[in-house]
Amino acid sequence: MSRQQGATLSPLRGPRVLTLVALQFSIVLVCMVATLLVALQVQHDSIREETGERALDVATSLAELPAVVEAIGAPDAGATLQPVADLVAESAGVDYVVITDDAGIRITHPVPERRGEMVSTDPSVALGGETYVGTQVGTVGATLRAKVPVWRDGTVVGTASVGILESTISEQLEERIWQVVPWVVGAGLFGLAAASVVSTMLGRRFERLAAAAQELETQRRLASALREQTHEFSNRLHVLYGLIEVDERDEALDYIRTLTPVDSLAADPDLEAALEEAPVRIRAILAAASARLCEHGGQLHADVEVDDRARLERSFDDDAATVLSNLVGNAVDAVEQQGASGVVRVAVEAEGAGLRMQVDDSGPGVAAELREQVTETGFSTKTAESKDGLEIPRGVGLGLVRRIAEEHGGTLVISESELGGARFVAVLPQPLPDADTHETPGPRGSSNTERITR
């Protein structure tokens with residue numbers, strides 16, 4: 001994975017999340033407004049269609065009433081038909097009902113002064129025997145009206161016109177709008193809330209993916225750096241091997257000193273005396289740590305139980321060396337800044353249950369609430385460092401120590417040291433050879449240890 005590929009999975013945080021939420025809000029808002037406009041148009045068309053059909057039904061029913069058909073053309077038509085028109089208008093909920101004769105003269109009208117006058121709109125469609133439905137402006141204002149012919153003996157003798165004011169239709173539309181708006185707004189808010197939840201979930205998912213991608217990139221670069229270091233280290237080992245093979249001990253030691261600032265135990269006579277009988281691996285680990293401390297004026301004290309050196313050497317295997325090296329290295333890191341007042345104390349002993357290693361330091365210690373976390377791989381209280389653009393992994397050593405201890409069925413306990421810093425005690429239970437073990441020859445002259453439990 002390239003660095004550019006890793007960058008595409010950057011976490012969704014801060015402004016990125018706000019931008020995403022704002023974009024989603026805009027989309028939801030646009031959809032909500034569009035939905036509302038469509039709903040309004042649908043309601044508008046529906047109301048007008050319903051109103052037109054209602055006006056047409058009322059006008060048709062009125063034109064077919066026998067009383068209306070017979071009264072048109074009679075001298076007292078107005079007195080007969082006006083009560084009928086008023087009753088129909090009130091019962092049907094329309095704004096006006098107008099009946100005319102075959103010349104378009106009003107017989108009935110809601111305004112008395114308008115009766116006997118020519119209608120204000122063209123009556124020719126209805127007088128021609130056709131039905132008309134549409135909006136026209138008359139004496140009472142703009143209305144959606146229906147005009148139908150009144151037939152008698154196959155002849156059009158008049159018209160029946162029923163109208164509903166556009167203002168009344170607008171009021172109905174407004175009522176419908178207020179019934180729809182809450183649902184549209186509610187749906188929009190629900191959509192926004194759902195989008196926010198999805199954004200949060202996606203943000204967390206992308207954060208995990210970004211972290212994984214970054215970790216993979218770090219591991220790739222670290223592996224590349226380790227391969228280079230391994231190659232370089234292999235070359236140095238060849239040089240050392242050559243010097244040792246020709247018995248050039250002093251040259252080999254000088255060559256090592258050019259590679260790393262270590263020195264022999266002679267730099268600290270007390271430590272040299274304390275480790276005189278200690279196994280070689282323990283001497284090497286503590287000698288290197290003492291050299292680091294001596295550079296800063298600090299001191300390393302050791303107490304290695306050597307009453308049964310053979311047993312201790314059998315117990316101190318590769319895992320034990322890894323545990324002790326990491327614990328001592330961690331302690332040295334903790335006290336290096338203290339200069340001459342920095343102290344590290346190490347105690348190693350082979351117990352009946354296995355191997356016990358205790359490392360105390362005078363450093364800042366480990367807060368009680370962090371003692372569980374510091375043994376988690378990747379967690380560290382140290383400042384991150386980088387080399388050649390590659391961040392140096394932290395939080396590896398103590399995590400490795402805890403894993404090894406658990407694999408052996410042992411423990412790693414962190415507490416406060418009497419030196420003022422931290423105390424790390426690692427116990428690695430091991431079945432140790434004793435009087436009850438018998439060695440039997442193995443293949444090619446090797447020996448296998450057979451443990452017999454009595």
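**Notebook: two sheets, a patch and a loop**

I began with one pair of residues: Thr 143 stands opposite Leu 165 in E4. I kept in mind throughout that this is a predicted model.

**Entry 1: the sheet around E4**

Next I looked up the strands behind that pair. Strand E3 covers residues 141-152, and strand E4 covers residues 155-165. I found 10 bridges between E3 and E4, in the antiparallel sense. Strands of a sheet pair through backbone hydrogen bonds, either parallel or antiparallel.

Then I followed the whole sheet. It is open, has four strands, and runs in the order E1-E4-E3-E2. Its pairing is antiparallel. Which strands sit at the edges? I noted strand E1 (96-101) and strand E2 (132-138), each pairing on one side only. On average, neighbouring strands of this sheet are turned by 30 degrees against each other, direction ignored.

I also checked what packs on this sheet. Helix H6, residues 166-245, does so and touches E2, E3 and E4. The direction of H6 makes about 45 degrees with that of E4.

**Entry 2: the five-stranded sheet**

I moved on to another open sheet, with the order E5-E6-E7-E11-E10. Here the pairing is mixed. The edge strands are E5 (299-304) and E10 (411-416), and each pairs on one side only. Neighbouring strands in this sheet are turned by 10 degrees on average, direction ignored.

How do E5 and E6 run, parallel or antiparallel? They run parallel, and six bridges join E5 to strand E6 (residues 343-351). I picked out one partnership: Asp 303 has Ala 347 in E6 as its bridge partner.

Helix H11 (residues 318-335) packs on this sheet. I listed its contacts as E5, E6, E7, E10 and strand E11 (422-429). The direction of H11 makes about 10 degrees with that of E7. Helix H12 (residues 397-407) lies across E10 and E11. I noted that H12 runs at about 130 degrees to E10.

**Entry 3: a patch with Phe 25**

I turned to the surface. Phe 25, Leu 29, Val 33 and Leu 37 make a nonpolar surface patch of about 350 Å². Phe 25 is found in helix H2, residues 15-63. Is Phe 25 buried or exposed? Phe 25 counts as partly exposed, because its relative accessible area is 41%, between the cut-offs of 20% and 50%.

**Entry 4: Leu 370**

Last, I looked up Leu 370. I found Leu 370 in the loop between strand E7 (354-361) and strand E8 (386-387). Its relative accessible area is 24%, so Leu 370 is partly exposed. I also checked Ile 414, which is 44 residues apart from Leu 370 along the chain. Their C-alpha atoms are separated by 9.9 Å.

Key
Residues are numbered from 1 along each chain as its sequence is written. This is a predicted model: local features need pLDDT of at least 70, side-chain atom pairs count only at pLDDT 80 or more; totals for chains, interfaces and linings use all residues. Side-chain values use heavy atoms; hydrogens and water are left out. Two strands pair if DSSP finds at least two bridges between them. Axes are lines fitted to C-alpha atoms, for helices over the stretch in contact, and angles run from 0 to 180 degrees between N-to-C directions. Contact means heavy atoms within 4.5 Å. Buried means under 20% relative accessible area, exposed over 50%, partly exposed in between (1.4 Å probe, protein chains only). Patches are made of residues with over 30% relative accessible area and no salt bridge: like charges are joined within 9 Å, nonpolar side chains (Val, Leu, Ile, Met, Phe, Trp, Tyr) within 5 Å. Accessible areas come from the Shrake-Rupley method with a 1.4 Å probe; for residues, only the protein chains shown count as cover. A salt bridge is a side-chain nitrogen of Lys or Arg within 4 Å of a carboxyl oxygen of Asp or Glu.
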